[in-house]
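Me: I've got a model open and want to check the labels people put on it. Can you walk me through the reasoning behind them?

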Amino acid sequence: MGGLNKNRVKRVPLSLLMISVMLMAEAITPAQTSSAEEAKKPLALGFGENERFILYSNGEVHRLLSQNQTLPLSKIQLLGEVVEATIIDFEVYGQNLYLYIYTSLNSSCGRTTVAVYNLVSGEKTFTKTYKFAVTQENQTQKVIGNMVLAASACPHAFAVITANTTHSLIEVYREKRGGFEKTATYSGRMAMSIYRCNETLIAATFKAEIKDNMPWITPQITDIVENKTLFSLPALIPVAALVYPFIQPFNRNNTWECHVTVYNQRMNRMEYYIVYPEKQGLIDSNATTVSPYMEYLIIDQKRGSKIIFSNGETITVAQKLSIIPQGAYMPLDPKNGVLDANPANKSILAKVVEGDKAKILYLTQKSTIELYTLNASSTSKMVGFHAALVQNTVYIINPENNNLLALSLKNIENREDNWGLTAAIALAGITITLIIILSRIIKIRL
């Protein structure tokens with residue numbers, strides 16, 4: 001299926017697993033509601049194809065529109081796990097809602113439930129629960145069961161990454177006969193991730209074969225829904241023979257590139273490279289993180305971060321940012337991170353923690369605007385914080401009061417446009433003044 005031979009899979013470093021367990025154990029207008037709706041509370045904001053959604057505690061699903069407007073889509077019968085959930089995330093594609101619920105049972109065990117709902121009927125068409133526990137045997141920690149590290153969806157399919165002590169797996173499920181069936185499994189090690197690409201899901205896989213009586217591993221990028229290789233990365237064959245690289249694909253202006261992270265045991269350091277399909281050679285790079293939706297990537301810099309969008313546009317910001325992806329990405333909830341992005345407007349929505357406060361920022365090429373401030377302890381998905389960018393409106397679920405806030409960006413955008421016009425007028429005035437002065441100097445000399 002394009003995965004590694006299981007006999008060749010080595011033990012998984014437990015550090016990442018333990019980090020996951022520890023992390024899980026630990027002008028504004030309110031969105032309009034009628035008196036009949038006061039009992040419902042916003043649970044989570046979900047992502048879709050260029051759209052954002054909200055799920056309420058009574059099962060209502062709405063599409064978020066700009067300027068504090070929503071469009072009701074459906075009402076689903078929510079699972080009982082929602083009541084005690086630690087993290088709730090969801091995605092919407094076509095007529096399907098993909099719900100991911102993580103529940104921390106205690107400091108050493110938990111469960112993740114993946115459910116799919118049909119938005120037309122409101123009925124559940126699939127559900128599966130993954131459980132794990134961390135135990136200690138002979139001073140060695142082991143993960144029993146399957147811990148979900150990531151889950152993501154596309155139209156008519158979804159994928160889940162699970163891990164235990166020995167290996168990790170990507171399970172792929174496709175819509176069939178009114179439900180979902182597992183159609184593929186890809187095995188590997190800890191450093192695996194899923195990326196949304198057009199109407200499908202892709203991931204780095206490793207083709208294992210024997211050449212000249214020697215094991216030969218070829219890294220490649222695979223359409224895991226169609227089980228089809230998109231391209232190979234021959235430059236990484238020598239690397240894959242020694243270590244297991246973490247590969248992040250990115251498509252910039254219809255050109256593929258892959259950002260690679262490897263741990264150099266001899267030098268005890270992380271190393272970062274860029275490689276290109278079907279080409280040899282590694283290009284040195286800085287630490288880079290690619291959005292699971294491949295809308296943008298973030299390059300770490302000495303003073304801040306550089307964001308490169310899929311359309312090739314870039315912005316540089318003073319803040320050190322990571323990515324807060326949608327879907328069940330358990331270990332990823334950084335203090336400073338990108339919450340949402342709009343490549344067309346070259347803008348991002350981010351949260352930055354300073355002391356005991358967290359600022360919600362709107363960042364563009366022209367400016368950094370502070371939109372809202374919360375207690376830092378209130379800006380984690382574990383306490384119900386969510387935020388999304390919808391055209392000229394920012395939506396925030398504030399766990400301090402369980403309200404959905406709508407923050408308009410219209411005035412901000414107008415200010416930026418006016419600033420640009422003012423600057424242009426001022427520049428034109430300076431130019432005209434210089435021309436007049438120069439003409440007078442020339443006349444005097446003549």
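Reply: Sure. A polar contact here is a pair of N or O atoms within 3.5 Å, one able to donate a hydrogen and the other to accept it. The side chains of R196 and Y93 make such a contact at 2.9 Å. Keep in mind that this is a predicted model.

Me: What makes the pair R196 and E49 a polar contact too?

Reply: The side chains of R196 and E49 are joined at 2.8 Å, and the cut-off is within 3.5 Å, so the pair counts.

Me: Why is R196 called buried?

Reply: Buried means under 20% relative accessible area. R196 has 6%, so the label fits. Leaving aside residues up to four places away in sequence, R196 touches E49, Y93, A153, C154, P155, L201, P292, Y293 and M294.

Me: Where does R196 sit in the fold?

Reply: R196 is in strand β15, opposite L201 in β16. β15 and β16 (residues 200–211) pair in the antiparallel sense over 3 bridges; pairing takes at least two bridges, so these two strands qualify.

Me: Why are β15 and β18 said to stand at the edges?

Reply: The open sheet runs β15-β16-β17-β18, with antiparallel pairing. β15 (195–197) and β18 (228–232) have a single partner strand each, so one side of each lacks a neighbour in the sheet. Neighbouring strands there are turned by 50° against each other on average, direction ignored.

Me: And which are the edge strands in the sheet of 9 strands?

Reply: That open sheet has the order β5-β4-β3-β2-β6-β7-β8-β9-β10, with mixed pairing. Its edge strands are β5 (69–75) and β10 (140–145), each paired on one side only. The average turn between neighbouring strands in this sheet is 25°, direction ignored. Within it, β7 (residues 96–106) and β8 (residues 109–118) pair in the antiparallel sense over 10 bridges, and S104 has G110 in β8 as its bridge partner.

Me: What makes Y93 and Y98 a tilted pair?

Reply: Their ring centres are 6.5 Å apart, with 55° between the planes. Stacked needs under 30 degrees and edge-to-face over 60, with the rest called tilted, so 55° lands in tilted. Y93 counts as buried at 4% relative accessibility, and Y98 is buried at 0%.

Me: How do you know that F158 and Y173 are stacked?

Reply: The planes are 10° apart and the centres 5.0 Å apart. The limits are under 30 degrees for stacking and within 6.5 Å for pairing, so F158 and Y173 pass both. F158 lies in β12 (residues 157–163) and Y173 in β13 (residues 168–176), so the pair ties together parts 15 residues apart in sequence. Both residues are buried. Ring pairs link Y93, Y98, F126, F158, Y173 and F180 into a cluster.

Me: Which face of β26 is covered?

Reply: In β26 (residues 314–317), the covered face holds I315 and V317, while T314 and T316 are on the uncovered one. V317 stands opposite S305. In the hairpin of β25 and β26, G312 takes a positive phi near 95°.

Me: Where is the pLDDT below 50?

Reply: The mean pLDDT of the chain is 83, with 81% of residues at 70 or more. Residues 1–37 are below 50, with 94 contacts in the model beyond near neighbours in sequence. Residues 416–438 are also below 50, with 4 such contacts. Where pLDDT is low, the predicted coordinates shouldn't be read in detail.

Terms used. Residues are numbered from 1 along each chain as its sequence is written. This is a predicted model: local features need pLDDT of at least 70, side-chain atom pairs count only at pLDDT 80 or more; totals for chains, interfaces and linings use all residues. Side-chain values use heavy atoms; hydrogens and water are left out. Helices (H or I, at least four residues) and strands (E, at least two) are DSSP runs, numbered from the N terminus. Axes are lines fitted to C-alpha atoms, for helices over the stretch in contact, and angles run from 0 to 180 degrees between N-to-C directions. pLDDT is the predictor's confidence in each residue, from 0 to 100. Contact means heavy atoms within 4.5 Å. Buried means under 20% relative accessible area, exposed over 50%, partly exposed in between (1.4 Å probe, protein chains only). Rings of Phe, Tyr and Trp (its six-membered ring) pair if their centres lie within 6.5 Å; planes under 30 degrees apart count as stacked, over 60 as edge-to-face and the rest as tilted.
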